[in-house]
Amino acid sequence: VTPLLRRIAGSAAAGAIVLLSAWASGWPRSSLIAEVGTLASAVAVLAAGAACRRARTAAAPATSAQPAEPAPGGAAGAGERIGAALWLAVALVAVAWDLLALVTPPHRPHLTLSATTLGYRPFHALAFACWLGLGLVLAAAPVRQSGSGRHRRRRLPA
Amino acid sequence: VSGAAGVSRAAAAVPAAVVGTSRPLGLAFWVAVVAALLALELVARLTAGGLPSLGRLVARYLPTPVLRAAAVAVWLYAGWHLFAH
């Protein structure tokens with residue numbers, strides 16, 4: 001897979017996600033189209049991510065001089081740990097807010113992610129696109145194959 | 001009983017006092033969260049090393065097929081809850 005082809009595929013996937021998210025923001029919650037559409041979008045994204053991972057794995061031996069991804073599950077450096085802490089901090093703030101918004105009294109507006117996606121259609125589209133993007137990342141990131149783990153690598157001579 | 005009810009009402013008011021009850025405020029918060037996550041990803045992709053991208057984090061902390069399948073299950077449930085049901 002050439003870099004140009006990868007760039008074209010990435011742009012096409014991003015465009016498809018934007019269009020699909022705009023369409024999905026109009027699906028009424030609990031309707032057949034919302035349920036089938038959400039499930040089909042998830043399956044499509046997971047399949048695309050898995051195909052991307054397979055293509056990257058197949059191309060790895062030819063381009064392994066400068067690997068873009070670290071070995072799955074390998075030891076993290078200090079910079080990477082700080083970066084991971086930043087990601088975690090944003091996620092924890094979001095989870096804390098969602099939980100607090102969930103237990104607000106019934107007569108007050110609930111500012112949960114779910115209620116916000118229901119109340120604002122553009123935000124629904126944005127959240128749907130982010131959800132699809134996260135699924136793509138989950139499916140496309142390299143997986144440690146059985147027998148290629150940290151413990152096995154440690155037994156290899158330096 | 002009225003004292004207990006008062007305490008209960010006060011406890012129930014705490015979350016609303018923390019996160020507020022204005023819908024535009026909620027929208028602003030969630031847009032800020034999404035913007036922060038997108039900014040982290042963008043910075044990670046534009047700068048080599050240092051800040052890890054989401055894909056790198058997933059590869060690092062969810063390396064096995066079992067962990068990855070569990071993450072996908074949580075992701076599916078979240079999508080179902082937020083967009084379908």
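This is a short walk through a predicted two-chain model, from one helical chain to its salt bridges, aromatic rings and one cavity.

Okay, a bit of housekeeping. Residues are numbered from 1 along each chain as its sequence is written, and chains are lettered from A, with ligands numbered from 1, in the order in which they are written. Because the model is predicted, local features need pLDDT of at least 70 and side-chain atom pairs count only at pLDDT 80 or more, while totals for chains, interfaces and linings use all residues; side-chain values use heavy atoms, with hydrogens and water left out.

Let's start with chain B. It has four helices and zero strands, where helices (H or I, at least four residues) and strands (E, at least two) are DSSP runs numbered from the N terminus. Going along the sequence, the pattern of chain B reads α-α-α-α. Of its 85 residues, 34% are buried. For that word I'm using under 20% relative accessible area, with exposed over 50% and partly exposed in between (1.4 Å probe, protein chains only).

Now, salt bridges. Side chains of opposite charge can pair when their charged atoms come close. The rule here is a side-chain nitrogen of Lys or Arg within 4 Å of a carboxyl oxygen of Asp or Glu. How many salt bridges does that give over all chains? Two.

One of them is R60(B) with E80(A), at 2.8 Å from N to O. R60(B) sits in helix 3 (residues 54–61) of chain B and E80(A) in helix 3 of chain A, so this pair joins two chains. Both R60(B) and E80(A) are buried.

Then there's R45(B) with E41(B), 2.7 Å from N to O. These two are both in helix 2 of chain B, four residues apart, about one turn of the helix. So are they buried or exposed? R45(B) counts as exposed because its relative accessibility is 63%, whereas E41(B), at 14%, counts as buried.

On to the aromatics. A pair of aromatic rings is described by the distance of the centres and the angle of the planes. Rings of Phe, Tyr and Trp (the six-membered ring for Trp) pair if their centres lie within 6.5 Å; planes under 30 degrees apart are stacked, over 60 edge-to-face, and the rest tilted. Over all chains the structure holds eight such pairs.

Have a look at W97(A) and F29(B). Their ring centres are 3.9 Å apart and their planes are at 10 degrees, so the pair is stacked. It crosses between chains, from helix 3 (residues 78–102) of chain A, where W97(A) lies, to helix 2 of chain B, home of F29(B). Both W97(A) and F29(B) are buried. F29(B) also pairs with W30(B), and that one is edge-to-face, with 5.0 Å between centres and 80 degrees between planes. W30(B) is buried too, like F29(B).

Elsewhere, W23(A), W27(A), F128(A), W131(A), W75(B) and F83(B) form one aromatic cluster. F83(B) turns up again with H124(A), a residue of helix 5 (residues 121–140) of chain A. What does H124(A) touch, leaving aside neighbours within four places in sequence? It is in contact (heavy atoms within 4.5 Å) with A24(A), S25(A), T117(A) and F83(B). H124(A) is buried, with a relative accessible area of 5%.

Next, the cavity. Rolling a probe the size of a water molecule over the atoms shows where empty space is left. On a 1 Å grid over the protein atoms alone, a cavity is a set of points where a 1.4 Å probe fits but cannot get out, and lining residues have an atom within 4 Å of a point. Points are joined across faces, edges and corners, and volume is the space filled by probe spheres set on them. The whole-structure search finds one cavity of 30 Å³ or more, with a volume of about 50 Å³ for the largest. Its lining draws on both chains, including H110(A), Y120(A), R23(B) and L27(B). Helix 4 (113–119) of chain A and helix 2 (23–46) of chain B each supply at least two lining residues.

Last stop, S30(A). Its phi is near 70 degrees, a positive value in a residue other than glycine. S30(A) is in the loop between helix 1 (3–24) and helix 2 of chain A, and at 44% relative accessibility it counts as partly exposed.

Terms used:
1 Å grid on protein atoms, 1.4 Å probe; cavity = no way out; pocket = protein on both sides within 12 Å on 5 of 7 lines; lining within 4 Å.
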